Amino acid sequence: MHTAVNDPEHGFCRDCLTPQPNAAPRCARCGSPRLVRHPELYRLHLAHIDCDAFYAAVEKRDNPALKDRPVIVGGGKRGVVSTACYIARINGVRSAMPMFKALEACPEAVVIKPDMEKYARVGREVRAMMQDLTPLVEPISIDEAFLDLAGTERLHGMPPAIVLARFEKRLEREIGITASVGLSYCKFLAKVASDFRKPRGFSVIGEAEAHDFLAMQPVTLIWGVGKAFAATLERDGIRTIGQLQKMEQAELMRRYGSMGNRLYHLSRGRDERVVSADRDTKSVSAETTFDQDFGKMDDLVPVLRALSEKVSARLKKAGLAGRTVVLKLKSNDFRIRTRNRQLEDPTRLADRIFSTGLELLRREIDGTKYRLLGIGVSDLCDAGKADPPDLVDTRSHKRALAEGAIDALRDKFGRGAVETGYTFGRGHRGKPARPGEDDEPDVRHPWERI
Ligand code: TTP
Ligand code: MG
Ligand code: MG
């Protein structure tokens with residue numbers, strides 16, 4: 001079947017997977033126009049796959065009446081769009097947009113509340129399907145992963161490019177959603193490629209074209225260049241990656257530190273990061289974005305407490321504990337601060353997570369106003385090793401026992417049944433939103449995995 005392998009001009013049909021020995025615009029076998037051709041097509045093996053309009057696609061799958069309608073998934077306390085299907089996007093609806101704006105842009109949209117459990121389940125199915133292609137799958141979020149298919153050609157009897165196209169077909173047939181594939185020689189460009197022609201895209205960026213392709217792109221294409229950093233670069237007169245390509249490494253590093261080093265390499269299409277299959281959860285965390293910005297302990301502490309309890313509940317559910325407590329803050333200018341503290345023993349207790357988080361938080365009260373607060377634990381281990389009875393501080397053991405009792409009550413009567421002094425009543429005063437069930441985790445961040 002694969003006579004075309006190694007012939008640089010050849011491609012294949014994404015619908016029937018047949019090699020295309022000539023340059024015709026349609027498949028010689030099935031007539032489909034969905035052909036992929038690229039001189040490096042059969043040499044490249046690093047892929048990034050990202051599902052299209054993931055939450056919305058799952059909802060459409062489960063309710064065929066929505067198929068041709070604009071669908072927005074979102075809502076909850078913060079009232080923002082989680083995602084919108086591509087029909088709604090034509091009307092300008094975007095992720096993270098306030099719901100009222102989205103409905104102004106697309107009044108006929110059907111709005112659906114997120115069902116995180118369902119999306120997590122589908123996400124796991126997608127991941128399992130990816131793992132059929134190669135053991136080297138590195139999940140990035142609920143709907144995307146990097147895959148390295150090097151050395152899998154013998155196993156599959158076809159080159160990675162065709163394996164990936166077959167995967168897309170299988171995803172559509174068996175799970176009922178679509179994805180876009182980016183194929184390249186490095187992670188950076190594989191991710192760029194998967195984003196290139198969504199939905200149902202299949203884009204290839206080869207080594208030979210990387211430099212010229214990147215030259216025309218805006219700096220924001222580079223990983224880690226967010227709005228704030230792009231503004232810094234803009235102030236320095238740098239807008240395109242092409243401009244970075246002309247700058248010396250030392251100069252970039254002098255100006256922007258370690259980020260300068262990254263800019264230097266990525267602008268030239270150099271990215272040595274390998275795909276690392278890590279199926280284990282790296283951290284368990286919870287975070288919330290406020291309706292307004294807060295800078296005082298009084299406002300932040302109850303939120304920290306509620307989030308610590310959420311993290312603790314998740315750890316307990318998963319039978320995990322963590323040794324490092326991580327505090328995350330996002331200031332009102334969108335800068336992210338993370339602070340860590342390693343504990344002597346791993347914990348899964350809300351109380352310990354909270355008190356450690358509190359110490360970290362105190363140091364960040366410097367007049368900065370925050371729009372987001374998160375707390376989590378990393379360095380995970382089995383819960384069996386957690387919170388040994390403390391010979392010196394018997395109180396902590398008592399606390400552990402008390403927490404066990406509170407958990408049991410909550411299991412029985414629901415989360416609202418027991419409130420601690422820190423969180424009690426805050427939700428009703430319209431102060432910081434108490435992270436409740438509708439506080440959707442930022443699933444795009446590897447921080448949040450459970
Ligand atoms: P994305 O992959 O970024 O977006 P998407 O799959 O909806 O759309 P596409 O990839 O085709 O551009 O995110 C995956 C899911 O994560 C998304 O379906 C909903 C959720 N999400 C949020 O909850 N908030 C956000 O701001 C974003 C971007 C995504
Ligand atoms: Mg997606
Ligand atoms: Mg994604």
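**Exercise 1. Getting oriented**

Among contacts in the chain between residues at least 6 apart in sequence, what percentage join residues at least 24 apart? Work out the overall make-up of the chain too.

*Solution.* Start with the ground rules. This is a predicted model, where local features need pLDDT of at least 70 and side-chain atom pairs count only at pLDDT 80 or more, while totals for chains, interfaces and linings use all residues. Residues are numbered from 1 along each chain as its sequence is written, with chains lettered from A and ligands numbered from 1 in the order in which they are written.

Step 1: two residues are in contact if their C-beta atoms, placed from the backbone, lie within 7 Å. Of the contacts between residues at least 6 apart in sequence, 62% join residues at least 24 apart.

Step 2: tally the secondary structure. Helices (H or I, at least four residues) and strands (E, at least two) are DSSP runs, numbered from the N terminus. The chain comes to 14 helices and 15 strands.

Step 3: sort by burial. A residue is buried if 20 or more other C-beta atoms lie within 10 Å of its own, exposed if 12 or fewer, and partly exposed in between, with C-beta atoms placed from the backbone. Buried residues account for 40% of the chain's 450 residues.

**Exercise 2. Strand β4**

Find the neighbours of β4 and say why the strand is largely enclosed.

*Solution.* Step 1: count the buried residues. Six of the six residues in β4 are buried, so the rest of the structure largely encloses the strand.

Step 2: check each face. L46, H48 and D50 are buried on one side, and A47, I49 and C51 are buried on the other.

Step 3: look at the pairing, bearing in mind that two strands pair if DSSP finds at least two bridges between them. β4 runs antiparallel to β9 (residues 144-148), with five bridges, and H48 has F146 as its bridge partner there. β4 also runs antiparallel to β10 (residues 179-184), this time with six bridges; here L46 sits opposite S184.

**Exercise 3. The nonpolar cores**

Describe the largest nonpolar core and say what lies apart from it.

*Solution.* Step 1: a nonpolar core is a set of buried Ala, Val, Leu, Ile, Met, Phe, Trp, Tyr and Cys residues joined through C-beta atoms within 7 Å. The largest one has 76 residues, and A84 and L147 have the most contacts inside it.

Step 2: helix α6 (residues 160-175) gives the most to this core, namely six residues. Domain 2 (38-205) and domain 3 (217-267) each provide at least three residues, the domain bounds coming from an automatic or database domain assignment.

Step 3: zoom in on L147. Not counting residues up to four places away in sequence, L147 touches A47, I49, M130, L133, T134, L136, V137 and V275.

Step 4: another core, of 31 residues, lies apart from the largest one and includes A286, F290, V311 and L329.

**Exercise 4. Around ligand 1**

Which residues come nearest to ligand 1, and what sort of shell do they belong to?

*Solution.* Step 1: count a residue as near if its C-beta atom, placed from the backbone, lies within 6 Å of the molecule. There are 18 residues around ligand 1, and F54, Y55, S82, T83 and S95 come nearest.

Step 2: classify them. Ala, Val, Leu, Ile, Met, Phe, Trp, Tyr, Cys and Pro count as nonpolar, Asp, Glu, Lys and Arg as charged, and the others, Gly among them, as polar. That gives eight nonpolar, three polar and seven charged residues.

Step 3: trace the shell to its elements. β4 (46-51), α1 (54-62) and β6 (80-84) each supply at least two residues.

**Exercise 5. Backbone oddities and a covered helix**

Locate the cis peptide bond and the positive phi values of L17 and A96, then inspect α7.

*Solution.* Step 1: the cis bond joins K198 and P199, with omega about -10°. P199 lies in the loop between α7 (187-194) and β11 (202-204).

Step 2: L17, in the loop between β1 (11-13) and β2 (19-20), has phi near 60°. A96, in the loop between α2 (86-90) and α3 (99-105), has phi near 75°.

Step 3: in α7, eight of its eight residues are buried. Their cover includes β4, β9, β10, β11, α8 (207-215) and α11 (249-267).
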